[in-house]
Amino acid sequence: MKKTALYAAVLTFLASCAEDAPTPYGAVPSAAQVEWQKMETNMFVHFGPNTFSGREWGNGQESTDLFNPTSLDCRQWARTAKAAGFKGIIITAKHHDGFSLWPNPTSTHTVAQSAWRNGKGDVLRELSDACREYGLKFGIYLSPWDRNHPAYGTDAYNKVFTDALDSSLSQYGPVFEQWFDGACGEGPNGKRQVYDWEAFNEHVFANQPQAIIFSNIGPGCRWVGNEAGKAGETSWSTFTPELHGANRGVLPGDFETYLGEGDPDGACWIPSETDVSIRPGWFWREEETSRVRSLSNLLDLYYSSVGRNSLLLLNVPADTRGLIPAVDSIRLMEFRAALDTIFSVNLAAGAKAEASTTRGRKYAASQMLDTDYDTCWAALDGVTEAVLTFHLDGVKRFNRVLLQEYIPLGQRVKSFEVEARDAAGNWNVIATATTIGYKRILLVDETQTDAVRIRITGSLACPLLNGFGLYLDRIMHSDEPTAADDRLCMADGFRVVAPQGAEAAVDGLWDESHSVILSADKTGRFPSVTVDLGREREFLGIAYTPAEGGRGGCMMEYRLEVGPDGESWTTVTDGAQVDNIVNNPTMRILRHKSMLNARWIRVTPLRSNLAETVSVGELSLVVK
Ligand code: FUL
């Protein structure tokens, strides 16, 4: 017995000296995916006819002359992006309205047919040159959904689209990311296109072999499942697209959770990308200038994307001049300065690191504290639990804990705890979490201690960690998704007259307990919400907010009637669309062309993304 025990001990010792590299686990990233993940934050720019019309989804019937920026300067975009620390810019080369920002030979709805620069302008040329000048990577967004092209809805369109890909991907130098929008908001009678995704991807790779392809389900990276800037708290970069192969469109419920969280058993490496706008809408609108996200809100976005193993693609729309507005760019500078301040001092630097188990000296816990990406701490094969102790260089105060897994060999950790030692020498748990991935930043209460422990309680294979940091973020945070703009809306003195019990529709709040859920009748029709505004008022339209998170359904189409007395009604609009409300269930300002004058309004939802219900989180008036 004794001999066997000794033999086993010798074997363990020899194994620990062997220092053989751990073998990859599960699906692993390509070199291009690792480089992409290291970019961490990129800038999205929505720009096109919608910038000039104020719409979120143009219908493709807009005149090409509508697009006419007065002083386009893509170098200003690139300068702004660079100063904000973004590594690349992705531009909406063709949004759902079909208008192409480059002379796209497959379309007659492009810059070449517009009055802008006498049809000689090319935004992709100008932006790709500017990116090169400023050392930024250049990416292209193309919407397969095209509301202008006559071939859309027929087989011929797939070839039109691959020709457009060839044209946009072959002339402007390296493209780091091809962004395929998954939206298709055609109404029930709209045109339907069966997309040939295989061909789309082939054309991207033929032109740009290194490009990361974004679509709802990859193959390079996947949509995070919402436009609110939130990756899952559990966030795997592994994912199985086949599970949802037939459904690349927007699906409710589980699909979105699956996108946000990924899958520990996923067959492919398809990390999430978090696309979100700095303003309520994706396109620039003057009236949203006062609603640019606050600094603390941007930091929250950073923590809920980059801090959750995702990449932040922050949209900063250009205005009708063709410039990033000052308000947005100043906010970006504040954002970068804040990140630099928070993350410039790693309070774990100089700590003495110990591990309960290690693969050998080359894989010592101290490797987590150097700045070399490719050195890491690793446990022996088969070991899936471990404790890492960091004896800090003195007593430190922090509220952010950063960890990184060495993803080139796969994502592994599935549960862990962080502990801090108090003055009496007791260890207290300060955070419990699931995944780590490329980067995980935990928000913990401000903690003062001289030692921190990471206790890995579950891992798919031996854990490999290459980064550990403790930081202090002193900027106040709020949960408000966007600052409410009370200059635009007012709910004072409103009274809901029908349906009964729907007062919450005008109470100024739209969380679960302050929302109204309307049910369809047997014929599928929703009831109208009738509101007495208390007195005759002048207004430009209504603002609609669905219930928080779009729960209970989003109003996608509506009728608005107004009247003097609650009995006679004038129809202002019948069948107007609420664009992109399902993906981005936030307040929509629904303006009408002329000023309205009425004491009563009646809003009737005509279509919801759920068959049986539609939610009204809040209805208010647009007064300016
Ligand atoms: C969505 C689109 O419908 C929005 O307009 C926006 O472009 C966003 C990034 O993707 O699917």
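Helices (H or I, at least four residues) and strands (E, at least two) are DSSP runs numbered from the N terminus. This is a predicted model in which local features need pLDDT of at least 70 and side-chain atom pairs pLDDT 80 or more, while totals for chains, interfaces and linings use all residues. Residues are numbered from 1 along each chain as its sequence is written, and side-chain values use heavy atoms, without hydrogens or water.

**View 1. Pro219 and Pro499 each follow a cis peptide bond.**
The bond that runs from Gly218 to Pro219 is cis, and its omega is near 20°. Pro219 itself belongs to the loop that connects β5 (212-215) with β6 (221-223). A second cis bond joins Ala498 to Pro499, here with omega near -10°, and Pro499 sits in the loop between β18 and β19. Most peptide bonds are trans, and most residues other than glycine have a negative phi.

**View 2. Helix α2, residues 31-39, contributes several buried residues and is followed by Glu40.**
Along α2, the buried residues (under 20% relative accessible area; exposed is over 50%, partly exposed in between; 1.4 Å probe, protein chains only) are Gln33, Val34, Trp36, Gln37 and Met39. An α-helix has 3.6 residues a turn, so residues three or four places apart point the same way. Directly after α2 comes Glu40, and its phi is positive, near 65°. Glu40 is placed in the loop that leads from α2 to β1 (41-45), and because its relative accessible area is 13%, Glu40 is counted as buried.

**View 3. Asn580 combines a positive phi with a buried position.**
Although Asn580 is not a glycine, its phi is positive, at about 55°. The residue belongs to the loop between β22 and β23 (588-608). With a relative accessible area of 6%, Asn580 is buried.

**View 4. Asn315 is a buried residue whose side chain makes polar contacts with Ser277 and Trp282.**
Asn315 is part of strand β10, which covers residues 311-315, and it is buried because its relative accessible area is 0%. A polar contact is a pair of N or O atoms within 3.5 Å; within protein, one atom must be able to donate a hydrogen and the other to accept it, and residues adjacent in sequence count only through side-chain atoms on both sides. The side chains of Asn315 and Ser277 are joined by such a contact of 3.0 Å. The Asn315 side chain also reaches the backbone oxygen of Trp282, at a distance of 2.8 Å.

**View 5. Three salt bridges are shown in turn: Asp381 with Arg359, Glu446 with Arg474, and Arg559 with Asp574.**
A salt bridge is a side-chain nitrogen of Lys or Arg within 4 Å of a carboxyl oxygen of Asp or Glu, and a search of the whole structure finds 30 of them. In the bridge between Asp381 and Arg359, the closest N and O atoms are 2.9 Å apart. Asp381 lies in the loop between β12 (377-378) and β13 (386-405) and Arg359 in the loop between β11 (352-355) and β12, so this bridge ties together parts that are 22 residues apart in sequence. Asp381 is partly exposed, with 47% relative accessibility, whereas Arg359 is buried, at 1%.

Glu446 and Arg474 pair with a separation of 4.0 Å between the closest N and O atoms. This pair links distant parts of the chain, 28 residues apart, since Glu446 belongs to strand β16 (residues 440-459) and Arg474 to the loop between β17 (464-471) and β18. Glu446 is partly exposed, with a relative accessible area of 41%, and Arg474 is exposed, at 61%.

The bridge between the side chains of Arg559 and Asp574 has an N to O distance of 3.0 Å. Arg559 is in strand β21 (residues 555-563) and Asp574 in strand β22 (residues 570-577), so the two tie together parts 15 residues apart in sequence. At 24% relative accessibility Arg559 is partly exposed, while Asp574, at 52%, is exposed. Elsewhere, salt bridges with shared partners join Asp20, Arg359 and Asp381 into one network.
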